[in-house]
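Here is a short tour of a protein model for the bench. Have a look at the sequence and the structure, and then we can walk through the parts together.

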Amino acid sequence: MNGAERLLAACRCEPVDATPVWFMRQAGGSLPRYRALRERHSVVEIARDPELCAEVTCDAAETLGVDGAVLFADIMLPLEPMGVDLELAASGPVIARPIRSAADVDGLRSVDVESDLGFVLEAIRRVRARLTGRAAVIGICGAPFTLAAYLIEGGPSRDQAVARAFMHREPGAWHLLMSRLADVGAAYVRAQADAGADVVQVFDSWAGSLSAADYEAFAAPYSRRVIAAAPEGTPVIHFATGSSHLLPALAAAGGHVLGVDWRIALGDAWRSAGGEGGRAVQGNLDPALTLAGWERTADGATAVLRDAEGLPGHVFNLGHAAPRDADPGVLRDLASLVHDVSARRMAGAALAPRAEATARA
Amino acid sequence: MNDRFLRACRREPVDATPVWFMRQAGRSLPEYRRVRERATLAQIVGDAALCAEVTLQPVRRLGVDAAILFADITTPLPGIGIGVELVDGVGPVIERPVRSASDVAELRPFDAGESVGPLLDAIRLLRGELDVPLIGFAGAPFTLATYLVEGRSSASAARLRTMILAEPETADALLARLTDMTIAYLRAQAAAGAQALQLFDSWVGTLHPRVYERAVAPHMRRLFAALRDLDVPVIHFGTGTAGLIPAMAEAGGDVIGVDWRITLQDAWAAAPGRAIQGNLDPVALLAPWPAAAGEARAVLADAGGRPGHIFNLGHGVLPETDPESLRRLVDLVHEATVRVAVPS
């Protein structure tokens, strides 16, 4: 199996020869090729230039030996053509004028994905042509709630209190905003798939700040629209963090693969989401473990593979984005460990005896 | 003496559901903001009369069933040699973060009388003034350690979690020192007159249950065990704890405090036999009153009249909250849950 076949098969809960692996934010970070480009170009320049973007995306997939090439892009990119003044700072996106009223929502422009975000689509075509199946092309899209949270908060926040207050205080404006974001997201997902993305990951990174009832009322209908826009045959990974209490609702909103963070065991996540035969899970090594020394990283990864045993489909990933200072060598070794250990298991060999350190990890 | 809060902590019958709010003393109250024009937070905590006054403000205005001592969870830290600056808009900033075994070794033993004397005096003053119970509190060791290691508030506690995994002995020593401090701090508050205690493990929800069990729970067990002879109810609070409640409840606490992310029914299912505190989303109070009231009634319906429900927000009162909404919320909780008075 090549990487694309392996990743797609796991997303569809079909047999694989080894567990597929990729890492959120694998492109960028400490990779030498990316560091060299960053001396001459800003993050935004790289993201907006199809050639540079394709190069960074492919370089990461090939250097790390992973099965998925996630596009070097930010989930905030589609907001710019909506008229949002956006800066991608190291600490996260900064919105110059956050949305605070219904009038602000009315002021958002509609987006034509082909003309406004054509650089992303062109990058996808180039990545696909260059990788020829060695890794699946993974498109990305922010879920409406997470994008709305950034738009209203003005940047990252701990529990999105400003955005959630807006949601309760001005439900009319909230639903209008979410509807606009769902329109853009649906068109963006569709266009990425049409351009050649094999898989799309919908990031609802901040959904975990909502109760299940509020998620259902204020977020789920819009996520559902975005996820449903993916064409037949393009699996969607539906990812959220801090979502232990939200898994049935997230699963109900859609996605072939449920992406979870490090706070929960994969088997528990899958069962909590309803334990359906057709649903795969993605995750969930604590990103902090990539900085904790190789022995801990390896033990943690083995524990994750053990958690996933018996599940119908598993895509190995970190529980959230790779730390920017993660050593590319560690990520490469991690990908290779996931392949080796899972392939041995699938070939019928027993997992290596659990090291003493595993019990501590 | 209004004792419905203490009765609910013990899951005894009450005449109405007790209600208080985390951070009820603070920026949402105009009388607090007036105090802050002439005194910093550190000055308030260092002045028994002023601290008592600020603690009393919400009791007078809102009619809550409990007072909570006004302090910050970082208040005891200078007592072990940690410099803290409280920066408006940022929160506590640690002067020299704790990153190594030698940093941990340098921490001093904690002496409550020496370090937080005015706060203990404030408790004594308050007991003479209050007709509701007074809650003392402390940050739980893990949550305190996030500040010490990160240097400030951090959404994912990544540095501390990395330390727990990469240098478990250092993390364990740090948590042990903070546990020692917290035991001494809470015992001193109870000795001065605090009638209940709350442990804030606000950021514990960043942990996988297995890591909590291995790295944090042993310290929490020791902490709760060291408070048992005080015979005061202890509230064990955390946020984002959907996957952790069984482990937290096992570690200890007469009352389990939960945030708005989960239903109270689920909390009770995860911690049977305990009182549960919570869990109106603080942002609901920024919505127009009918919407806020609807959310509050939904919380009460979720509690379903079970013995041992203490109404609270899912986390602290947001500074922009209208105090009038808080006052109406107290009335709503009482009126909606009023029961035939129990013989005392």
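Let us start with a helix on a sheet: helix α10 (residues 171-195) of chain A lies across β4 and β5 of chain A, running at about 170° to β4(A). Helices (H or I, at least four residues) and strands (E, at least two) are DSSP runs, numbered from the N terminus. Axes are lines fitted to C-alpha atoms, for helices over the stretch in contact, and angles run from 0 to 180 degrees between N-to-C directions. Contact between two residues asks that their C-beta atoms, placed from the backbone, lie within 7 Å.

Please keep in mind that this is a predicted model: local features need pLDDT of at least 70, side-chain atom pairs count only at pLDDT 80 or more, and totals for chains, interfaces and linings use all residues. Residues are numbered from 1 along each chain as its sequence is written, while chains are lettered from A and ligands numbered from 1 in the order in which they are written.

The two strands under that helix, β4 (residues 136-142) and β5 (residues 199-204) of chain A, run parallel and are joined by five bridges. One residue to find is Cys141(A), whose bridge partner in β5(A) is Val202(A). Both strands belong to an open sheet of seven strands in chain A, ordered β1-β4-β5-β6-β7-β8-β9 with parallel pairing; two strands pair if DSSP finds at least two bridges between them. Its edge strands, each pairing on one side only, are these:

| Edge strand | Residues |
|---|---|
| β1 of chain A | 68-70 |
| β9 of chain A | 314-318 |

From one strand to the next, the twist averages 25°.

Now for helix α1 (residues 3-11) of chain A: seven of its nine residues are buried. Buried means that 20 or more other C-beta atoms lie within 10 Å of a residue's own, with C-beta atoms placed from the backbone. Among them are Leu7(A), Leu8(A) and Cys11(A). The buried residues of α1(A) pack against strands including β1, β4 and β5 of chain A. Just after α1(A), Cys13(A) takes a positive phi of about 60°.

Turning to the other chain, chain B has 15 helices and nine strands. Of its 344 residues, 55% count as buried. The C-alpha trace of chain B spans about 60 × 45 × 40 Å along its principal axes.

Finally, where the chains meet, the contact takes 26 residues from chain B and 23 residues from chain A. Helix α9 (residues 158-166) of chain B gives the largest share of the chain B side, five residues.

Notes
A residue is buried if 20 or more other C-beta atoms lie within 10 Å of its own, exposed if 12 or fewer, and partly exposed in between; C-beta atoms are placed from the backbone.
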